[in-house]
Amino acid sequence: MSNSTTDKKKHILIAALQLFSTKGPAATSMQEIAELCGISKGTLYLHYKSKEELQESVVSYCIQTIYDKIAVVERERELPPRDKLRRQIEILLENFLELREFFIAQMLDMANRGDKGFPLEKWPEGMLAHAMKLFSQKMVDIYGPEVLPYSVDLALQLHSMMGSYLKLIVTELLSIHLHRMAEYLVETLDIIAEAKIRDQREPFIPKDLWLPWMEENLHKYDSKKHPLFLIKEIRHAVRNSDVLEERLREDTLDSLSILEDEFFELKPRRALILGMIANLKQVTDVQELVQELQQVFDMYLKWRD
């Protein structure tokens, strides 16, 4: 996709986001979006076949923007895992607040159409499995391997807590300090996780139920992962490998660090990236992840060429 086409689509998405936020999707016409963009209605339809498709693209754009910001936190090597989680929760809260009017307009639009909620079938099992894997690893990074059996319980409890506090933001009942809210949520998660590890009670959703489901459905995740999350996943696999020679382990970790740094350059060097990926292909245990990483880097480089 050329820079020109990408820029036009981004311009359309931002314009649609502004109108959907102020007027609501139902009251916004494609003609109004085209006029705000300074293009004809026909040109708008060349990029998006319908308002519904455009609306879905706006939601995806918002989610991807937040996802990119969350992924960048994973690169901050000086931050301990717990501080990364707190910062990522804070980013979610900040962006929700920034997009508050848009999300409210979306919910009102759904209510006016008689929708009772976001259809479960729109959340593919592969996407849920991928999210569960990332969260489980984060819990282990923070609290140790003893917490793994309680990962699903912790994920559900954190999700529930965040939803409850987000209602305060939506309704503006109280003036909330987002940094403190994020810290409070992680403090509460600390208490829950430590109690579960200490008491060693049977989790409500046991590991032998959710772990096979997660592994079975990971391959169904079609959406491209962020390169920084893939690099982290490969790094974790390499560090925990029992068969890698120490020299190859060190070389592989160096290649991953170089890839991570290169991703943030204004003009990433394709030859350097391909060279580092070639180094990673020597590690047989992570071939699938390396192949996916190469595909994702190809996609990102096309966007930035």
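This report describes the fold, charged contacts, aromatic pair and selected residues of one predicted model.

## Overall fold

The protein is helical. Its secondary structure comes to 14 helices and zero strands. Read from the N terminus, every element in the run is therefore an α element, with no other type in between.

The chain has 305 residues, and 40% of them count as buried. Contacts reach far along the sequence. Take those between residues at least 6 apart: 70% of them join residues at least 24 apart. The protein exposes about 17,400 Å². Carbon and sulfur atoms supply 57% of that area.

## Salt bridges in helix α5

The whole structure holds 16 salt bridges. Some of them join up. Arg82, Arg86, Arg87, Glu90, Glu94, Glu183 and Asp190 are linked in a network of salt bridges.

Arg87 has two partners described here. One is Glu90, with the closest N and O atoms 3.6 Å apart. The other is Glu94, with the closest N and O atoms 3.4 Å apart. Both distances fall within the 4 Å limit for a salt bridge.

Why can Arg87 and Glu90 be described as one turn apart? They are three residues apart in helix α5 (residues 81-98), so about one helical turn separates them. An α-helix has 3.6 residues a turn, so residues three or four places apart point the same way.

Burial varies across this trio. Glu90 has 9% relative accessibility, so this residue counts as buried, the limit being under 20%. Arg87 is partly exposed, with a relative accessible area of 26%. Glu94 is also partly exposed, at 29%.

## Helix α12 and its charged residues

Helix α12 covers residues 246-263, which makes 18 residues. At 1.5 Å a residue, the helix should span 26 Å. The C-alpha atoms at its ends are 26 Å apart, so expectation and model agree.

Its buried residues are Arg249, Thr252, Leu253, Ser255, Leu256, Leu259, Glu260, Glu262 and Phe263. Charged residues are therefore among those under the 20% limit, including Arg249 and Glu262.

Glu262 has a relative accessible area of 3%, which makes this residue buried. Glu262 also forms a salt bridge with Arg269. The closest N and O atoms of that pair are 2.9 Å apart.

Arg249 lies in α12 as well. At 14% relative accessibility, Arg249 counts as buried. Which residues does Arg249 touch, leaving out those up to four places away in sequence? They are Val238, Arg239, Asn240, Ser241 and Leu244. Val238 is 11 residues from Arg249 along the chain, and their C-alpha atoms are separated by 6.5 Å.

## Aromatic and ring contacts

The structure holds one aromatic pair. The rings of Tyr165 and Tyr184 have centres 6.1 Å apart. Their planes meet at 75°, so the pair is edge-to-face. The pair links distant parts of the chain, with the two residues 19 apart. Tyr165 belongs to helix α8 (residues 151-171), and Tyr184 belongs to helix α9 (residues 178-199).

Are these tyrosines buried, partly exposed or exposed? Tyr165 is partly exposed, with a relative accessible area of 26%. Tyr184 is partly exposed too, at 38%.

A charge also meets a ring in this model. The charged end of Lys9 sits over the ring of Tyr48, 5.0 Å from the ring centre.

## Lys8 and Ser136

Lys8 has its place in helix α1 (residues 3-23). At 46% relative accessibility, Lys8 counts as partly exposed. Lys8 and Cys37 are 29 residues apart in sequence. In space, their C-alpha atoms are 8.8 Å apart.

Ser136 has its place in helix α7 (residues 125-143). The relative accessible area of Ser136 is 4%, so this serine is buried. What is Ser136 in contact with, leaving aside neighbours within four places in sequence? The contacts are Leu148, Ser151 and Trp210.

Key:
Residues numbered from 1 in each chain as written. Predicted model: local features only at pLDDT ≥ 70, side-chain atom pairs only at ≥ 80, totals over all residues. Heavy atoms only, no water. Helix = DSSP H or I, 4+ residues; strand = E, 2+ residues; numbered from the N terminus. Expected span 1.5 Å × (residues − 1). Buried < 20%, exposed > 50% of the residue type's maximum accessible area, 1.4 Å probe, protein only. Salt bridge = Lys/Arg side-chain N within 4 Å of Asp/Glu carboxyl O. Contact = heavy atoms within 4.5 Å. Areas by Shrake-Rupley, 256 points an atom, 1.4 Å probe, with all protein chains shown as cover. Phe/Tyr/Trp six-rings, centres within 6.5 Å; stacked < 30°, edge-to-face > 60°. Lys NZ or Arg CZ within 6 Å of the ring centre and 35° of its normal.
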